[in-house]
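Ready for some practice in reading a protein model? Take a look at the sequence and structure below, then work through the exercises.

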Amino acid sequence: MNDPARWRVDGRAATELPVGDRGLAYGDGLFETMRVVAGRAPLWTWHMERLEEGCRRLQLPQPASAMLADEVSAAADGLDDAVVRITWTAGSGPRGYARQATVSGRLIVVASPVHHADPFMATHGVALFECSTRWSLQPRLAGIKHLNRLEQVLARAEWEDPSFIDGLMLDMDDRVISTTAASIGLVVDGVPMFPALHRCGVAGVGRRLAMASLPDAVEADIDRAMLASASEVFLASSVRGMLPVRAIGDRHYATGPVVRALQAAWTTAGMPPLRPAEQP
């Protein structure tokens, strides 16, 4: 919180929250993390659609899209390339799980400059750590981006080696779901595949862009054997873009035409292009 102008709570610059906020107390809320480039969020519509679905599932009031756009613009003002997080909570309330009869909601918007990743990763890929922490199964929360991310916090604490950009996470039944901070996809027998997310996981906006860019893509339950047999594995993130995976444990993967097509789609969508690596 070194720059108060980048933190906004309920329409004003602020760095504090009421202690009775239900998002803080119970994780009662949702969030969206998006890229804002030159004052524009290229994937805005999809972020808003996921937030709307999350509000419907959690029975929260829908924040006005125009209000959200104004607050994002205010927070990101002066930043050419920013990461903006919108947090929408159930607001303040008395102690206990029961909400008040009327929920007004609380809006928190935080903008930060983008810390660009090493361009080597876009060309040569990234290595993933294999996490032992699993996604728990809860269909009522599957797909939405609610505030309780303790599983990802525990998974991310499993490694410190900076050679791993992220960690692979499976569910309780050994199905591949995601990494701690991105969606995952793979190519098996020439078919792009994405994990089915009706039991757990987050339906990422980067994942949605990837699926929309690959008309033959399918959703399926993906086990370890399918992952091991994949010809390509890649990450999709609305902040980091599309990155090839070069290794998971002792398994190695090539960077192929599918991830290259996704990187082109990322640029076409209005996101900053992924720069090629410099030659050694």
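Here are three exercises with worked solutions.

This is a predicted model, in which local features need pLDDT of at least 70, side-chain atom pairs count only at pLDDT 80 or more, and totals for chains, interfaces and linings use all residues. Residues are numbered from 1 along each chain as its sequence is written, and side-chain values use heavy atoms, with hydrogens and water left out.

**Exercise 1.** Find where pLDDT (the predictor's confidence in each residue, from 0 to 100) stays under 50.

*Solution.* Start with the whole chain: its mean pLDDT is 93, and 95% of its residues reach 70 or more. Next, go to residues 276–280, where pLDDT stays under 50. For this stretch the model has six contacts (heavy atoms within 4.5 Å) beyond four places in sequence.

**Exercise 2.** Describe the largest nonpolar core.

*Solution.* First, the term: such a core is a set of buried Ala, Val, Leu, Ile, Met, Phe, Trp, Tyr and Cys residues joined through side-chain atoms within 4.5 Å. Buried means under 20% relative accessible area, with a 1.4 Å probe and protein chains only. Now count: the core has 25 residues, and M34, W44, L60, V84 and I86 have the most contacts inside it. Then zoom in on V84, whose partners include E32, M34, V72 and A111, leaving aside residues up to four places away in sequence.

**Exercise 3.** Which residues of a second, separate core can you name?

*Solution.* Look for M121, A122, I184 and V245, which are included in this core of 23 residues.

Note on methods
Buried < 20%, exposed > 50% of the residue type's maximum accessible area, 1.4 Å probe, protein only.
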